[in-house]
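Visitor: Could we take a close look at a single helix and its surroundings, with the cut-offs spelled out as we go?

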Amino acid sequence: MFKASLQTITWGDPQHDRFDQIFAQAKSNGFDGLEIGFRRLRQVGHRELQQLLDRHQIQINASHIGGNLGDLGQAENERADFEAALEFLSALGVPYLLYSGLNEPQDAALNVAIDQLNGFAERCAQAGIQLLYHNHDWEFRNSQRIWERVRKNGSDTLGFALDLGWAAKAGEDLTALLDDLADAVKVLHFKDFASSQPGQNTCHLGEGVIDFSAAWNWLDRQGRSHIWLTAEQDNADDADLACTINGAYLSRHIARLGKSSC
């Protein structure tokens, strides 16, 4: 059975003081895991977090960092945060760390950033955590300039958390992307948009313009079910309501996998 995860970004900042309520809300709406940005997690000690996770019988399946690795000054800060994240996540047994970035316009800076990313992936592997690259839409611009370089030059230890919403909004063929990534897919982000216009105009899953049918059909053909399926809605007027609607969407479709085409 595929497992559903909730990206807690919907609750905005600060949210660490609401983790007890958020974790309860996620569990009651069918989520098996939580994806929480490291800058939010670090506001709470890992022992306190573990107590909350045990109380609500839920896990943190992934965390998230980001930045511009091609900016060497910023990369130093990212490296420090990265080491702190590894220690923290290892204590909690979190299997995946997602990275977003690589928006460098110059090829030389992009190459430096990918080399840095590969180093991060190797360091993660040493700590028993897999680094996953999480895309936005910009990686697919200019004939997939950034995406192709990551795919060609990325380390074998680097996995992917494909954001289906951003990829679809960029006009990409989801089936082709998924087939290309194959076993490198560890997490899929389901993000819906109210319109195809630029920006983070996210909405409840199934209520926007993104057609996820290709992804559900691809998942239905998989002989493995360890991919985490994550609901990510950047903005919502009512985060609790978004959690309920998005949880119901994922639960409904996950239940259909292996039974019928979606």
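Visitor: Which elements do the buried residues of H8 pack against?

Guide: This is a predicted model, in which local features need pLDDT of at least 70 and side-chain atom pairs count only at pLDDT 80 or more, while totals for chains, interfaces and linings use all residues. Residues are numbered from 1 along each chain as its sequence is written, and side-chain values use heavy atoms, leaving out hydrogens and water.

In helix H8, which spans residues 174–181 (helices are DSSP runs of H or I with at least four residues, strands are E runs of at least two, both numbered from the N terminus), Leu 174, Leu 177, Leu 178 and Leu 181 are buried (under 20% relative accessible area, with a 1.4 Å probe and protein chains only). These leucines lie on the same side of H8, because they cover an arc of only 95 degrees around the axis, taken from the directions to the C-beta atoms. The partners of these buried residues are H6, strand S6 (159–163), helix H7 (164–169), strand S7 (185–190) and helix H9 (213–220), where contact means heavy atoms within 4.5 Å.

One of those partners, H6 (residues 141–153), also packs with helix H5 (residues 107–126), at an angle of about 40 degrees and with the axes 11 Å apart (lines fitted to C-alpha atoms over the stretch in contact, with angles from 0 to 180 degrees between N-to-C directions). There, Asp 107, Leu 110, Asn 111, Ile 114 and Asn 118 in H5 meet Arg 145, Ile 146, Arg 149, Val 150 and Asn 153 in H6.

Definitions and conventions. Buried means under 20% relative accessible area, exposed over 50%, partly exposed in between (1.4 Å probe, protein chains only).
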